[in-house]
Amino acid sequence: MKLHKHFPPHLSQLVFLDKNGEIENMSSLDYDLFLWLIYYTHKEYRDDKSLEYVFEYKDIKESFKKSLNTKSIKNSLEKIGGLQILSNYLKSYGDKETIITKPFKIKIITNKSNKSYGFSVTTTNLFMEYFNNPSPKVDVDYKIMYTLKPFMSKLLYLFLRDSYGGYKDVKRFRIVEIKKLRHMMNVWGENTTNSNFITQLKKSIVSINENSNINVDFTKKTKLNPKSGNKEIISIRFSIELDDMKLLKKRVNKSQPTEESTDTDEVVESDTVSEEKSFEEYVEDKVTEG
């Protein structure tokens, strides 16, 4: 049972917005539930083109097989229900325009005692069709995104996996302005400096190198600020290699100790993998490729 799907490329360059068009502060649970909704709504959509669904909180808890607080689930779902998705943020696809979509309308359901036990979801043909036959076809293993921590690792993996594309046995490069990268990684605001962001970026890349099928390094491009006399980070250059056999090899050799990445501008790949249960163990039916 595998959860490989062709993820719409423009959604690998997305920014989460609230109803007022401001960047929304997302958590790891928010994003995991966002993916969960994509799994299950698109599965139903492929079967009968349905756009309305009803789930109970127990469905989510059974899927993730871990202790989840009902209140946290409810709060995350209410946030997702108000999200707007600003896609194609780097204008790399299609007509080079950004795309704004409101993927899910969510209504909390209560029983006669006014206790919440589930929710209804309404989506759109437009959003569901994104997953049917996207172009270019980049195969994304959803269960990898589920296991990645911290939260930024999930967003970064999807972006880098899409940046690599359908190539094999080559090294690919991607340069991104740091401001736009921070927006896509859900890290923004004056309270987080570029230096702090780089620290978070290093942690995320260590997680990606340990727990995914790509290997990533990065370097910083700086520019001298004539007023302050200090160097400022203006962009990040990623190098990306695909290794589909890496996780299998690491599971076979899981008894080997972890090699930690060095704290330099270029991040060194680690040689171990997280032994957390993957999302594929929690889904009853196979999700076919879009």
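These notes cover the fold, the salt bridges and one charged patch of a predicted model.

1. **Overall make-up.** The chain contains 9 helices and 11 strands. Half the story is burial: of its 290 residues, 50% count as buried. The accessible surface is about 14900 Å², and carbon and sulfur atoms account for 47% of that area.

2. **Contact range.** Take the contacts between residues at least 6 apart in sequence. Of these, 70% join residues at least 24 apart.

3. **Salt bridges in general.** The structure holds 6 salt bridges. Side chains of opposite charge can pair when their charged atoms come close. Three of the pairs are taken up below.

4. **Asp32 and Lys154.** These two form a salt bridge, with the closest N and O atoms 3.0 Å apart. Asp32 sits in helix 1 (residues 28-48) and Lys154 in helix 6 (residues 151-164), so the bridge ties together parts that are 122 residues apart in sequence. Asp32 is buried, at 7% relative accessible area. Lys154 is buried too, at 1%.

5. **Lys49 and Glu129.** Here the closest N and O atoms of the salt bridge are 3.5 Å apart. The pair links distant parts of the chain, 80 residues apart. Lys49 lies in the loop between helix 1 and strand 3 (52-56), and Glu129 lies in helix 4 (residues 125-129). Lys49 is partly exposed, at 47% relative accessibility. Glu129 is also partly exposed, at 37%.

6. **Glu78 and Lys74.** This salt bridge stays inside helix 3, its residues 4 apart, about one turn of the helix. The closest N and O atoms are 3.0 Å apart. Glu78 counts as partly exposed at 40% relative accessibility. Lys74 counts as partly exposed at 27%.

7. **Positive patch.** Lys19, Lys102, Lys105 and Lys107 form a positive surface patch. Lys102 belongs to the loop between strand 5 (99-101) and strand 6 (105-110). Its relative accessible area is 49%; because the exposed class begins over 50%, Lys102 is rated partly exposed.

8. **Gly82 beside the patch residues.** Gly82 is in the loop between helix 3 (70-81) and strand 4 (84-87). Gly82 is partly exposed, with a relative accessible area of 26%. Leaving aside residues up to four places away in sequence, Gly82 touches Leu17, Asp18, Lys19 and Lys102. Two of these, Lys19 and Lys102, belong to the positive patch. Lys105 is another patch member. Gly82 and Lys105 are 23 residues apart in sequence, yet their C-alpha atoms are 7.1 Å apart.

Conventions:
Residues are numbered from 1 along each chain as its sequence is written. Side-chain values use heavy atoms; hydrogens and water are left out. Patches are made of residues with over 30% relative accessible area and no salt bridge: like charges are joined within 9 Å, nonpolar side chains (Val, Leu, Ile, Met, Phe, Trp, Tyr) within 5 Å. Accessible areas come from the Shrake-Rupley method with a 1.4 Å probe; for residues, only the protein chains shown count as cover. A salt bridge is a side-chain nitrogen of Lys or Arg within 4 Å of a carboxyl oxygen of Asp or Glu. Lys and Arg count as positive and Asp and Glu as negative; His and the chain ends are not counted. The place of a charge is taken as NZ of Lys, CZ of Arg, CG of Asp or CD of Glu. Helices (H or I, at least four residues) and strands (E, at least two) are DSSP runs, numbered from the N terminus. Buried means under 20% relative accessible area, exposed over 50%, partly exposed in between (1.4 Å probe, protein chains only). Contact means heavy atoms within 4.5 Å.
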